[in-house]
Amino acid sequence: MQEGPYKNAGAQKLTPDERFMKLAIREARKAYRLGETPIGCVIVRTHLYDGTALEEPQVIARGYNRRNTEKSTLAHAEIKAIAKAARVLQDWRLEGCTMYVTLEPCQMCAGALVQARISRVVIGAMNRKAGCAGSVFNLLQEPAFNHQAELTTGVLQEECAGLLTGFFSEVRRKKAAEKQQLTEMPTCRRRQNEPENDYDQADL
Ligand SMILES: [Zn+2]
């Protein structure tokens, strides 16, 4: 697995955002091991509701994509973590919290983040075809809504994107191997025009 440009950097060289993104990447690897699209996130509490900064930010929830495992549209990494954070805080409001997520959230998750009134969202890789934090829409900062989140993008981007491209190239290799077997079965219809080597083509 490619570790990106930070491969040789000691933990002390990482910025706080990079350090928490590393934890989100760790979550994404859990999804990878389940055969799920590797997307992970953590929620970190940085401030109390009254705005007082915590001395030490606290990781209060983690999540990774379990859509196929749970056979649920709702089992995105962000939704899992938002639900967990609400249980921990005993409150649906995530004001004073930051989400670190390896891939730009979809419309459902961006909507949930606004509903939760999360203060800040930090993103690794962007999702050109489906992202709703600036790529397709920017639901996180829509002025017409009653809440906007602070947004930071591109944190450990190469590492986050590399996890996805690595995953999809493995999926393609497996499909190619299956296809090879199918060529020995002439009555089978084979799919043509497989997508390019790019996670943007995937149904995330
Ligand atoms: Zn989502």
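A residue is buried if 20 or more other C-beta atoms lie within 10 Å of its own, exposed if 12 or fewer, and partly exposed in between, with C-beta atoms placed from the backbone. This is a predicted model, where local features need pLDDT of at least 70 and side-chain atom pairs count only at pLDDT 80 or more, while totals for chains, interfaces and linings use all residues. Numbering starts from 1 along each chain, as its sequence is written.

**Exercise 1. Two odd phi values**

Task: for L156, find the phi sign, the location and whether the residue is buried or exposed.

Solution. Start with the background: most residues other than glycine have a negative phi. L156 is not a glycine, yet its phi is positive, about 55°. Next, place it: L156 sits in the loop between β5 and α5 (helices, H or I with at least four residues, and strands, E with at least two, are DSSP runs numbered from the N terminus). Last, count: 28 other C-beta atoms lie within 10 Å, so L156 is buried.

Now repeat this for R117. Its phi is also positive, about 60°, and R117 is not a glycine. R117 belongs to the loop between α4 and β4. It has 16 C-beta neighbours inside 10 Å, so R117 counts as partly exposed.

**Exercise 2. Strand order**

Task: work out which strands stand at the edges of the sheet.

Solution. Write down the order first: the open sheet of 5 strands runs β2-β1-β3-β4-β5, with mixed pairing (two strands pair if DSSP finds at least two bridges between them). β2 and β5 (150-152) each have a single partner strand, so one side of each lacks a neighbour in the sheet. Then zoom in on one pair: β1 and β2 are antiparallel over 7 bridges, and V42 stands opposite R62 in β2.

**Exercise 3. Into the core**

Task: find which residues of the largest nonpolar core touch the most other members, and list the contacts of V121.

Solution. A nonpolar core is a set of buried Ala, Val, Leu, Ile, Met, Phe, Trp, Tyr and Cys residues joined through C-beta atoms within 7 Å. The largest one has 49 residues, and M99, Y100, L113 and V121 touch the most other members. Among the elements, α1 gives the most to this core, with 7 residues. Finally, take V121 and skip neighbours within four places in sequence: its contacts are M99, V101, L113, A133, L140, A149 and L151 (contact means C-beta atoms, placed from the backbone, within 7 Å).

Terms used
Two residues are in contact if their C-beta atoms, placed from the backbone, lie within 7 Å.
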